[in-house]
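Me: I would like the reasoning behind the labels, not just the labels. Start with the strands, then move on to charges and unusual backbone angles.

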Amino acid sequence: IHLGSKGSNSDKLIETLKKYEPDNLFIVGDFIDGWLLKKRHYWTQSNTNLIRKILSYSKKGTKVYYLTGNHDEFLREYSGAEMGNITLVNEAIHYGENGKRYLVIHGDQFDLVTMNAKWLAMIGGWLYDRMIDLNRYIHMFYKGFSLSAWAKHNVKEAVNFIGDYEKVVADAAKRRCVDGVICGHIHHANIIYFENIHYINCGDWVESCTAIVEHHNGRFEIIRK
């Protein structure tokens, strides 16, 4: 969601959340973009309204899990903190309606650039934010076209990175002896099997505006706004 970035579509997420009354709500990292907020202050009323919506969920009984990501890593030292029905964690195990166990984690732990060259990851984050800004101007002439999404799906290196990342995360889930993994980080929603490991990525609310819904019959679905 990257609250604090100009590309955050918190208003669209609010509209989507109004359609559901979930038993559990997992915020899969990078809810707040601490990297950007360190450099400049940018906050909208829509961002505040989103937080209020999530608080209203918790007040009504929804169990909210806030998983930390690399952009809000400053919260990782507070893992385990509970505020009513809201729990702050670095990772979680979700027992699906289908009887399977899922590791829920942001996923930056499996990105070698983020883990071993943070300065390079921060430059990449800054460039991505500039590309999102550029998208706004492109939309004035070509509505529906996203430069960042086009690059992600058409540039060979980006396509290869996504495929490699998904496989690495699935392999890590296999070593953890779980049936599947639910993550985010790479802003690319997907539901796929790697052998017997169920890989699920929720995407983002910056460019693709996607989330994962688990139905009571055990089926997982990508929803798009």
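Me: Which residue in β7 is the bridge partner of Val 104?

Reply: Ile 182 is the partner. This is a predicted model, so local features need pLDDT of at least 70 and side-chain atom pairs count only at pLDDT 80 or more, while totals for chains, interfaces and linings use all residues. Residues are numbered from 1 along each chain as its sequence is written, and side-chain values use heavy atoms, with hydrogens and water left out.

Me: What makes β6 and β7 a pair?

Reply: Three bridges join β6 (residues 101-105) to β7 (residues 180-183), in the parallel sense. Two strands pair if DSSP finds at least two bridges between them. Three meets that requirement, so they pair. The strands themselves are DSSP runs (E, at least two residues; helices are H or I, at least four), numbered from the N terminus.

Me: What holds paired strands together in general?

Reply: Strands of a sheet pair through backbone hydrogen bonds, either parallel or antiparallel.

Me: In what order do the five strands form their open sheet?

Reply: The order is β5-β6-β7-β9-β8, with mixed pairing. The edges are β5 (91-95) and β8 (190-194). Each has a single partner strand, so one side of each is left without a neighbour in the sheet. From one strand to the next, the twist averages 20°. Axes here are lines fitted to C-alpha atoms, for helices over the stretch in contact, and angles run from 0 to 180 degrees between N-to-C directions.

Me: How many bridges join β5 to β6?

Reply: Five, and the two strands run antiparallel. Ile 93 stands opposite Leu 103 in β6. The β5-β6 hairpin has five residues between the strands, and Gly 99 takes a positive phi near 85° in it.

Me: Which residues of β5 lie on the covered face, and which on the uncovered one?

Reply: Ala 92 and His 94 are on the covered face. Glu 91, Ile 93 and Tyr 95 are on the uncovered one.

Me: What is the order of the open sheet of four strands?

Reply: That sheet runs β1-β2-β4-β3, again with mixed pairing. Its edges are β1 (24-28) and β3 (82-83), each with a single partner strand, so each has one side without a neighbour in the sheet.

Me: How do you know that β3 and β4 pair?

Reply: Two bridges join β3 to β4 (residues 86-89), which is enough under the pairing rule, so they pair. They run antiparallel. Met 83 has Ile 86 in β4 as its bridge partner.

Me: Which helix lies across β1, β2 and β4?

Reply: Helix α3 (residues 45-59) does, running at about 145° to β1. Contact means heavy atoms within 4.5 Å.

Me: Why is the link between Glu 15 and Lys 225 called a salt bridge?

Reply: The term needs a side-chain nitrogen of Lys or Arg within 4 Å of a carboxyl oxygen of Asp or Glu. The N to O distance here is 2.8 Å, so the pair qualifies. Glu 15 is in helix α1 (residues 10-17), and Lys 225 is in the segment after β11 (220-224), 210 residues apart. A search of the whole structure finds six salt bridges.

Me: What makes Glu 195 and Lys 174 count as one too?

Reply: Their N to O distance is 3.1 Å, which falls inside the cut-off, so this is a salt bridge. Glu 195 is in the loop between β8 and β9 (197-201), Lys 174 in helix α7 (residues 156-175), 21 residues apart.

Me: Why is Glu 195 called exposed, and Lys 174 partly exposed?

Reply: Buried means under 20% relative accessible area, exposed over 50%, and partly exposed in between (1.4 Å probe, protein chains only). Glu 195 has 68%, so it is exposed. Lys 174 has 45%, so it is partly exposed.

Me: How do you know that Glu 221 and Arg 219 form a salt bridge?

Reply: Their side chains meet at 3.8 Å, N to O, so the pair still passes. Glu 221, at 27%, is partly exposed. Arg 219, at 44%, is also partly exposed.

Me: What is phi of Asp 30, and why does that residue count as buried?

Reply: Phi is near 55°, a positive value in a residue other than glycine. Asp 30 lies in the loop between β1 and α2 (34-39). Its relative accessibility is 3%, so it counts as buried.

Me: Where is phi of Glu 195?

Reply: Near 60°, a positive value in a residue other than glycine.
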